[in-house]
Amino acid sequence: MSETKRQDWADALADKIHQRTVRIGVIGLGYVGLSLAVEFAKSGLRVTGIEIDTEKVARLRSGESYVQDVKPYEVKGLIADEKLLVVDDYHVLNQLDAVSICVPTPLSKTKDPDISYIAAVTKEIVTHLHPGQLIVLESTTYPGTTDEVILPELQKSGLQVGEEFFLAFSPERIDPGNKHYHTHNTPKVIGGVTARCAQVAQALYEVAINRVVLVSSARSAEMVKLLENTFRAVNIGLVNEVALMCDRLKIDVWEVIEAAATKPFGFMPFYPGPGLGGHCIPVDPFYLAWKLKTLDYKARFIELAAEINTSMPWYVVSKVVDALNEQRKSVNGANILVLGITYKRNTNDLRESPALDIIKILQGKGATVTFYDTYAADLSSLEGALHVPLEKEVIQAADCVIIATDHSNVNYEWVLDHTQLVLDTRNVTKHVNAGRARVIKL
Ligand SMILES: NC(=O)c1ccc[n+]([C@@H]2O[C@H](COP(=O)([O-])OP(=O)(O)OC[C@H]3O[C@@H](n4cnc5c(N)ncnc54)[C@H](O)[C@@H]3O)[C@@H](O)[C@H]2O)c1
């Protein structure tokens with residue numbers, strides 16, 4: 001391929017982007033993909049979402065949104081204006097100039113990376129890959145996935161990367177429920193397989209995102225995401241261990257953190273809790289640790305943080321057992337109400353939520369567990385625990401109420417007024433009059 005020809009494909013795509021005639025596709029319309037598709041569509045591009053879950057496709061087509069941060073009126077308007085098209089098959093890839101991959105990257109049962117979704121999508125893309133097409137992986141994964149897994153598969157098309165097609169990695173940084181930072185005002189990191197790949201991807205994302213940050217390679221971009229999430233996982237692990245230490249020392253960990261946070265430099269507060277949750281922080285560091293294992297390197301901070309963080313639900317239960325014991329009660333046969341079961345306040349995401357572990361551990365010890373969470377209103381039960389209304393009789397009947405997630409739509413003063421024992425894992429009752437309740441903190 002001559003230098004002139006190489007310039008042609010990249011320039012042709014850049015022209016389409018500039019003129020807003022570029023046809024973009026987003027594969028996987030979950031939390032990440034739907035938000036991204038809507039953002040591109042709102043910026044005036046024609047977007048096609050490809051989603052295998054036909055129920056999600058039907059809901060989007062009828063103007064519904066199942067992602068909390070994407071408003072139904074936005075979906076409705078974009079579908080009506082034909083800015084957003086939603087399909088459940090890959091034929092449309094033939095017509096698309098750029099494709100962002102936003103499929104899940106879970107862990108296997110043995111906590112190894114499961115990149116089967118990425119592999120499946122790549123196999124579909126290669127059958128439709130055509131000159132001038134840009135492919136961007138957004139799913140969080142280990143460094144090397146873009147170069148070592150996707151690139152060889154796409155090269156089976158016979159097309160040249162950086163010349164005839166373009167490949168980049170750009171991690172999604174969405175923070176569900178964040179009122180200030182959304183897709184468009186969160187800087188987007190991009191690393192291309194070649195410099196030309198990065199430039200083309202940058203031109204595309206700059207249409208919808210306020211700031212694009214280029215790094216030198218796809219591997220660097222993959223590592224950026226893993227640094228960000230490992231940073232959180234390790235710091236949460238550290239502060240959870242500080243909570244365990246403070247418990248032994250009979251010191252209020254929350255007071256210590258609050259005072260330390262008054263230091264205007266060199267300290268960033270993290271808070272203890274009942275364990276890690278969500279699709280990212282409990283999962284992503286294992287992707288990095290796994291990759292390092294293949295290189296004979298043990299990711300020690302990651303393993304230690306994971307050990308502490310995954311022990312937190314057990315610690316929560318041990319606090320309940322001790323508190324009941326002081327009242328000459330046993331957890332076996334106790335009625336325990338869990339307030340808040342989603343992994344994070346004011347969101348409806350249940351993935352990896354530590355509340356689910358707490359429920360299972362308590363049940364294993366013979367407790368009868370119920371829960372209350374308006375963000376999981378459609379669940380009548382979970383893990384055999386019944387969803388109960390937050391009524392006086394219900395909390396009065398509980399031997400212990402565990403505040404596992406601190407949703408802001410619960411009147412904690414009222415809860416403390418009508419119950420005997422509360423374990424507050426989030427310090428949400430800090431300024432609440434304890435009333436009749438004995439309140440234990442993490
Ligand atoms: N949720 C977050 O807050 C967040 C933040 C940053 C990064 N990420 C990363 O982004 C990626 C996606 O996460 P998510 O939270 O959006 O997941 P999700 O499960 O909400 O969405 C993924 C979507 O992909 C669809 N899908 C699966 N296989 C498909 C296929 N072959 N073709 C088309 N669609 C397919 C699923 O049906 C689902 O709707 C993951 O790698 C995750 O780690 C997530």
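Which residue stands opposite Ile402 in S14? I began my notebook with this point, and I found that Leu423 is the residue of S14 that faces Ile402. I note at the outset that this is a predicted model, and I read every entry below with that in mind.

**Entry: the sheet around S13**

I then looked up the sheet as a whole, and found seven strands that form an open sheet with mixed pairing, in the order S11-S12-S10-S9-S13-S14-S15. Strand S11 (381–382) and strand S15 (438–441) stand at the edges with a single partner strand each, so one side of each has no neighbour in the sheet.

I followed the strands from S9 towards the S15 edge. Strand S9 (residues 335–339) and S13 run parallel and are joined by four bridges, and here I saw Leu339 standing opposite Ile403 of S13. S13 and S14 also run parallel, with three bridges between them. Strand S14 (residues 421–424) is in turn joined to S15 by four bridges, and this pair is parallel as well. Leu423, which I had already met opposite Ile402, stands opposite Ile440 in S15.

I also checked how strand S13 (residues 400–403) is covered, and both of its faces turn out to be: Cys400 and Ile402 are buried on one side, and Val401 and Ile403 are buried on the other.

**Entry: aromatic pairs**

I searched for paired rings and found four aromatic pairs in the structure. For Phe40 and Tyr205, I read a distance of 5.3 Å between the ring centres and an angle of 65° between the planes; an angle over 60 counts as edge-to-face, so this pair is edge-to-face. Phe40 belongs to helix H2 (residues 31–42) and Tyr205 to helix H7 (residues 195–205), so far along the chain that 165 residues separate them. Both Phe40 and Tyr205 are buried.

I looked next at Tyr142 and Trp290, whose rings form a tilted pair, with 4.8 Å from centre to centre and 45° between the planes. Tyr142 is in the loop between strand S5 (133–137) and helix H6 (145–155), while Trp290 is in helix H10 (residues 284–294), so this pair ties together parts that are 148 residues apart in sequence. I wondered whether Tyr142 is buried or exposed; its relative accessible area is 7%, which makes Tyr142 buried. Trp290, with a relative accessible area of 26%, is partly exposed.

**Entry: a charge over a ring, and a pocket**

I noted that the charged end of Lys111 sits over the ring of Phe286, at 5.5 Å from the centre of that ring. Lys111 came up again when I turned to the second largest pocket, which holds about 470 Å³ of space. This pocket is lined by 26 residues, and those closest to its centre are Lys111, Leu276, Pro282, Thr310 and Glu352.

Which helix gives the most to the lining of this second largest pocket? I found that H11 does, with seven residues, and that helix H8 (218–249), H10, helix H11 (300–326) and helix H12 (354–364) each supply at least two. By class, I read 17 nonpolar, five polar and four charged residues in the lining of the second largest pocket.

**Entry: closed spaces**

I searched the whole structure for cavities of 30 Å³ or more, and two were found. The largest cavity has a volume of about 60 Å³, and its lining consists of Pro171, Glu172, Arg173, Ile174, His182, Thr183, Thr186, Pro187 and Lys188. This lining has three nonpolar, three polar and three charged residues.

The second largest cavity holds about 40 Å³ of space, and I listed Tyr31, Val67, Gln68, Asp69, Ile174, Pro176 and Asn348 as the residues that line it. By class, four residues of this lining are nonpolar, two are polar and one is charged. I marked Ile174 in my list, since Ile174 lines the largest cavity and also the second largest cavity.

**Entry: Pro104**

My last entry concerns Pro104, which I located in the loop between strand S4 (98–101) and helix H5 (116–128). Pro104 is partly exposed, with a relative accessible area of 37%. I also looked up its separation from Ser139: the two residues are 35 residues apart along the chain, and their C-alpha atoms are separated by 6.6 Å.

Definitions and conventions
Residues numbered from 1 in each chain as written. Predicted model: local features only at pLDDT ≥ 70, side-chain atom pairs only at ≥ 80, totals over all residues. Heavy atoms only, no water. Phe/Tyr/Trp six-rings, centres within 6.5 Å; stacked < 30°, edge-to-face > 60°. Buried < 20%, exposed > 50% of the residue type's maximum accessible area, 1.4 Å probe, protein only. Lys NZ or Arg CZ within 6 Å of the ring centre and 35° of its normal. 1 Å grid on protein atoms, 1.4 Å probe; cavity = no way out; pocket = protein on both sides within 12 Å on 5 of 7 lines; lining within 4 Å. Points joined across faces, edges and corners; volume = space filled by probe spheres on them. Nonpolar A, V, L, I, M, F, W, Y, C, P; charged D, E, K, R; others polar. Pairing = 2+ DSSP bridges.
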